[in-house]
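Here are my notes on this one, written as numbered points. Have the model open while you read.

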Amino acid sequence: MSAECLVSVADIEGRGRSLVASQPLKAGQVVLCDSPILLYSALPFIKPHDQSTSYCNHCFKTLQSPPSTCPSCSLLFCTPTCLSRASSSSHSPYVCQALSRLQHSPHLLLNQPLERHVQARFLISAFNLSLVSPPHFQTLVSLQGTATDNDASNAHFLHSLISTLSPLPSIPSIELTAALLAKDRLNAFGLMEPFNEHLERSVRAYAIYPKASFFNHDCLPNACRFDYVDTAPHNNTDMIVRILHDVPQGREICLSYFPVNLDYSSRQKRLLEDYGFACDCDRCKVEANWSDNDNENDVDEEEEVMLMDEDEDEDEQMVASGAENEDTDFPHAYFFVTYMCNRDNCWGTLAPLPPSPATPSNVMECNVCGNLKNNDDNAIGDGPLSMDG
Ligand SMILES: C[S@@+](CC[C@H](N)C(=O)[O-])C[C@H]1O[C@@H](n2cnc3c(N)ncnc32)[C@H](O)[C@@H]1O
C-alpha cells in the first residue's frame with residue numbers, strides 16, 4: 001500500500017492539524033515520502049566563494065566532479081542538468097540577480113546576525129516561489145505560523161533590503177513577509193551535513209515539506225525522518241518517515257523536532273521559543289518532577305543502561321502497552337536503549353528498516369550516522385543507505 005494512505009490529517013484540540021495512523025502500522029513501515037516545495041541554502045553571505053564550493057545550489061548534494069557554474073552569478077551546481085533545472089525553478093533570473101547582489105555587496109548585510117542572512121535566502125526563495133509556482137506558494141502560506149514582534153522587525157529590515165536587489169512585478173507585503181518568516185521558523189526541516197563524530201553537525205540547507213509540516217512533536221516520538229541527500233540517485237531531497245514500533249490505528253504519529261537526548265529544560269525552552277507551545281508529553285510530565293541533577297542524567301548512557309537493567313521487563317511492557325507507569329522514575333529508559341544510537345556524539349534515532357509483508361525487520365538504521373545494527377546490538381554496517389539500496 002502506498003505510504004500516502006497510511007496516515008491522515010486530523011484536528012486535535014490544543015495541537016492543531018496532526019497526522020494519525022489510518023490503520024495499524026508496523027515497525028519500520030514508511031508512512032510518508034515527501035518532496036520539498038522550497039529548498040534554500042543555510043550558508044550566510046560571508047566568504048561566499050569558499051563556502052559555496054561544497055554543495056550543489058539546487059539539489060544540495062556534496063559536489064564531486066568538476067561542477068557547472070552559473071554564467072551570471074558563478075554559483076555552483078553538480079551537473080549541467082541540475083543547473084538547467086534550477087534556472088527554471090529555484091535559480092530563476094530573479095534569484096540569480098538577488099543572490100549575486102548580496103554576495104558582491106557584503107555591506108548590505110554587514111553586522112547583521114547570521115539568522116538574517118539565512119532569512120534573506122528564505123525570503124528570496126519564497127518570493128520566487130510566488131512567481132514560478134503560485135500553488136506551492138499558497139501551500140506555504142497555509143502552513144502554521146503567526147508573526148511575532150521579532151518576525152515583524154526582521155521582515156521590516158529584510159523587505160526593504162530585498163526590494164532593492166532585483167526587480168519583481170510585485171512582492172508580498174511586509175505583513176505577509178513577517179508571516180512567511182513565522183511559517184519558516186515553525187515548519188522548516190534542516191538537511192544536515194554528513195555525520196562526523198569530531199565535529200558539530202551543521203545544516204547545509206533548509207526545506208519546507210507540504211505534508212511533513214503536519215507532524216506534531218513528541219519528546220518520545222513514534223516515528224523518525226530520514227534523508228539520503230548524498231546517496232539517493234533521484235529525488236535526493238525527499239524526506240522519508242518511518243515508524244519506530246508498532247502503532248495502533250488512530251494513534252497520532254509524532255516526530256521529535258530535535259535530538260531526543262536533550263534535557264527537560266532545554267526541550268521546553270526550544271519548544272516555547274521556536275514553536276510557541278509548552279510540551280506536556282508523557283516524558284515531560286515525568287521529567288518536570290526531576291531536580292536539575294536528575295535531568296543531567298538524561299544523556300548519561302551508562303546510567304540509562306543501569307536503570308534499564310533494573311526495570312527492563314516493566315519498561316518493555318510499558319512501551320508495548322503504551323501506558324506508562326506514573327510511579328516509575330524513568331519510564332522511558334527502554335526508549336533510549338532501543339531507539340537511540342550509541343555511537344559517540346551521534347544522538348540519532350534508530351528505526352527498523354522497512355519490514356517485508358511476512359517478516360518484521362530486525363535491522364535498525366540510525367537517521368543521523370546511517371549505522372545499521374541488528375536487534376541483538378551488533379553493528380553491521382556504516383551507512384548511509386541509498387533509498388534504492
Ligand atoms: C510543524 S507544525 C505541526 C502542524 C500544526 N499542528 C498545524 O496545525 O499545522 C508545528 C506547530 O504545531 C504545534 N505543535 C506541534 N507539536 C505540538 C505538541 N506536542 N503540543 C501542542 N502543539 C504542538 C505548535 O503550534 C507548533 O508550532
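1. Let's begin with the α3/α4 pair. The axes of α3 (residues 93–104) and α4 (residues 114–132) come within 10 Å and cross at roughly 160°. Helices here (H or I, at least four residues) and strands (E, at least two) are DSSP runs numbered from the N terminus. Axes are lines fitted to C-alpha atoms, for helices over the stretch in contact, with angles from 0 to 180 degrees between N-to-C directions. α3 and α4 are therefore roughly antiparallel to each other; the classes are under 35 degrees for roughly parallel, over 145 for roughly antiparallel, 65 to 115 for roughly perpendicular, and oblique for the rest. Their crossing is right-handed (near helix turned clockwise from the far one by less than a right angle; anticlockwise would be left-handed).

2. Before going further, a word on the ground rules. This is a predicted model, where local features need pLDDT of at least 70, side-chain atom pairs count only at pLDDT 80 or more, and totals for chains, interfaces and linings use all residues. Residues are numbered from 1 along each chain as its sequence is written.

3. What makes the contact between α3 and α4? On the α3 side look at Y94, V95, A98, L99 and L102, and on the α4 side at A120, I124, S125, N128 and L131; contact means C-beta atoms, placed from the backbone, within 7 Å. The residues of this contact split into 8 nonpolar, 2 polar and no charged. For these classes, Ala, Val, Leu, Ile, Met, Phe, Trp, Tyr, Cys and Pro count as nonpolar, Asp, Glu, Lys and Arg as charged, and the others, Gly among them, as polar.

4. Helix α4 also meets α6 (residues 149–163): the two axes come within 10 Å and cross at roughly 60°. That makes α4 oblique to α6, and the crossing is right-handed. From α4 come R116, Q119, A120, L123, I124 and F127, which meet N154, F157, L158, L161 and I162 of α6. By class this contact has 8 nonpolar, 2 polar and 1 charged residues. Note that A120 and I124 belong to the α3 contact and to the α6 contact.

5. Carry on from α6 to α7. Their axes come within 8 Å and cross at roughly 120°, which makes α6 oblique to α7. The crossing is right-handed once more. In α6, D151, A152, N154, A155, H156, L158 and H159 meet I174, T177, A178, L181 and A182 in α7. This contact divides into 7 nonpolar, 4 polar and 1 charged residues.

6. Now a sheet that α4 touches. Three strands, β4-β8-β7 in that order, form an open sheet with antiparallel pairing (strands pair if DSSP finds at least two bridges between them). The edge strands are β4 (38–41) and β7 (189–192), each pairing on one side only. Neighbouring strands are turned by 30° against each other on average, direction ignored. β7 and β8 (residues 203–208) share 4 bridges, and G190 stands opposite Y206 in β8. Helix α4 lies across β4 and β8, running at about 150° to β4.

7. There is another open sheet of 3 strands, ordered β3-β11-β10 and antiparallel. Because β3 (30–34) and β10 (223–226) stand at the edges with a single partner strand each, one side of each is left without a neighbour in the sheet. The twist averages 20° from one strand to the next. β10 pairs with β11 (residues 239–243) over 4 bridges, and F226 has I240 in β11 as its bridge partner.

8. Check the β1/β2 hairpin too. Here 6 bridges join β1 (residues 7–12) to β2, and the strands run antiparallel. V9 has L19 in β2 as its bridge partner. The hairpin has 3 residues between the strands, and G14 takes a positive phi near 80°.

9. Finally, the ligand. Which residues are closest to it? They are G16, R17, Q144, N216 and Y275, out of 16 that surround the ligand (C-beta atom, placed from the backbone, within 6 Å). β2 (16–21), α7 (174–187) and β9 (216–217) each supply at least two residues of the shell, with the largest share, 3 residues, coming from β2. By class the shell has 5 nonpolar, 9 polar and 2 charged residues.

Note on methods
Two residues are in contact if their C-beta atoms, placed from the backbone, lie within 7 Å.
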